[in-house]
Amino acid sequence: MFHELYVLKSNSEEHHSPHSVDIMVCQEQEALVNKVLDLYHKISSLDTLKPSQDVDTLFTQLVRTCIPHTPFIDITKLSTTVQEARSNLIRLCAEAESLLEMHYSALLVSSSSGENPLGRLHVFPYYSNYLKLSSLEFNILSQHCQAVPTKIAFVGSGPLPLTSIVLATNHFPSTTFHNYDIDALANSMAKALVSSDHDLSKRMVFHTSDILDVSHGLNEFNVVFLAALVGMKNEEKKKVIDHLGKYMAPGAFLMVRSAYSARAFLYPVVNPSFDLKGFEVLSVFHPTDEVINSVVIARKCPITSTSSKEVQSLFNNNNLLINGNMIEELVTEEQL
C-alpha cells in the first residue's frame, strides 16, 4: 500500500462543536470557490493571456487563492457548473503558462549577448518554485531508485524546460534527458536556450511528437516524468498514462504531477488509486508551501524475479545522493 505524504500545520487550538465546525468549513469552502469563479470570469474576459500587468495580477491572485490546503476542496463534489468552469480555467492556465514560458525563453536567448542564457534563469518569475519542485522530486525518486538513471524522459517539456535543466545541472550531471513536446516551436526555442551550454547541449535531446505516437524507445528510460498539463482532462491523462504503462520497461519509474484541494483549480488531478493501472504506486506527496504540484511516484509492473536482470540493466552502479533534511520532513498519513 502506498503512503500519502504531506505536512500539516494547525491553524488554531480552539475547540468547536462538530456542527459549528461543519458550518464554518462549508462557508469557507463556498467563499473560496466563489472567489475562484470570480477570478475565472475576469481572466476569461481578457483579450489576451500574453504576459502583461493585468494577466500577471489576475493569475497571481488566483494562485494565492488556491495555494492554502484549508478549507479542503473535494473537486469531485463540485456542481456541474463549477466543474465546467474548473476545466476551462485549467485550459486558460495552460495557455497562460505556455505564453509566459515562450516569452521568457525568447527573452533569455535574445538578451544573452553571447553569454550562456542559462545563467539568467532566475529572471523567470517562478524559477525558485522549479528549484524546489525539482529538489522535491529528486529526493522522492532517490528513496526508491538506488542508482543514477542513465536516461530520463520528460513528457511535455515546453519552450522553457526548467525541470530537465535543473535536474540535469543540480542532481543528475551525467544523465541524458529526452524532452518530448507536441509543439515544434516550443522544442525549437528550448533547443536554442541550451545550445550555448557545452554540457547540456550534449545531454538534452528534443523530440517533436505526440507521446501517444511514441512507442519505440520508451522502454529505454529509467525514469519518465509526466508534466502536469499533459492531458488536461481525466480521460486524456489516463490515456497517456496507459500508453506509458504499455511501453515503459518493467521496473522503470513514472513521476506524475498532480494537484490537491483548491490547487486542482490550477492543474489536473491524478487519482493514484484509479488512474495508474499497470503501475505500483509508491508514494504521493502534497506540498503545503508555494510549490503547487503534488508528486506521485509509481513503478511499472510487474516486478518479478525473472525480470530482475532487465530492471537492473536500466541503471548504472552509482548511488543516488539523498537529501536527508527533505526526506525527514515527509509525514505519512499513518503517523498523523
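## Exercises on a predicted model

The buried residues of helix H5 are Leu162, Thr163, Ser164, Ile165, Val166, Leu167, Ala168 and His171, as found in a model that is predicted.

**Exercise 1.** Decide whether helix H5 is largely enclosed by the rest of the structure or not, using its buried residues.

*Solution.* Begin with the count, in which eight of the 10 residues of H5 are buried. The helix is therefore largely enclosed by the rest of the structure.

**Exercise 2.** Describe how helix H4 and helix H5 cross, and state which residues make the contact.

*Solution.* Two packed helices are described by the angle between their axes and the distance between the axes. For H4, which spans residues 127-144, and H5, which spans residues 162-171, the axes come within 9 Å and cross at roughly 60°. That angle makes H4 oblique to H5, because the perpendicular class runs from 65 to 115 degrees and the roughly parallel class lies under 35 degrees. The crossing of the two helices is, in addition, right-handed. On the H4 side the contact is made by Tyr127, Tyr130, Leu131, Ser134, Ser135, Glu137 and Phe138, while H5 contributes Leu162, Thr163, Val166, Leu167, Asn170 and His171. Sorted by class, the residues of this contact are seven nonpolar, five polar and one charged.

**Exercise 3.** Characterise the surroundings of Leu226 in strand E5.

*Solution.* Leu226 belongs to strand E5, which covers residues 223-226. Its relative accessible area is 1%, and because buried means under 20%, Leu226 is buried. When residues up to four places away in sequence are not counted, Leu226 touches Val155, Lys237, Val240, Ile241, Leu254, Met255, Val256 and Arg257. For one of these partners, Val256, the C-alpha atom is separated from that of Leu226 by 5.1 Å, although the two residues are 30 residues apart along the chain.

**Exercise 4.** State what is unusual about the phi of Ser261, and whether this residue is buried or exposed.

*Solution.* Most residues other than glycine have a negative phi. Ser261, however, has a positive phi of about 55° although it is not a glycine. The residue lies in the loop between strand E6 (253-258) and strand E7 (279-286), and with 4% relative accessibility Ser261 counts as buried.

**Exercise 5.** State how many disulfides the structure holds, and give the accessibility of Cys26 and of Cys145.

*Solution.* A disulfide is a covalent bond between the sulfur atoms of two cysteines. The structure holds zero disulfides. As for accessibility, Cys26 counts as partly exposed at 48% relative accessibility, whereas Cys145, with a relative accessible area of 1%, is buried.

Key:
Residues are numbered from 1 along each chain as its sequence is written. This is a predicted model: local features need pLDDT of at least 70, side-chain atom pairs count only at pLDDT 80 or more; totals for chains, interfaces and linings use all residues. Side-chain values use heavy atoms; hydrogens and water are left out. Axes are lines fitted to C-alpha atoms, for helices over the stretch in contact, and angles run from 0 to 180 degrees between N-to-C directions. Helices (H or I, at least four residues) and strands (E, at least two) are DSSP runs, numbered from the N terminus. Angles under 35 degrees count as roughly parallel, over 145 as roughly antiparallel, 65 to 115 as roughly perpendicular and the rest as oblique. A crossing is left-handed if the near helix is turned anticlockwise from the far one by less than a right angle, and right-handed if clockwise. Contact means heavy atoms within 4.5 Å. Ala, Val, Leu, Ile, Met, Phe, Trp, Tyr, Cys and Pro count as nonpolar, Asp, Glu, Lys and Arg as charged, and the others, Gly among them, as polar. A disulfide is a pair of cysteine sulfur atoms within 2.5 Å. Buried means under 20% relative accessible area, exposed over 50%, partly exposed in between (1.4 Å probe, protein chains only).
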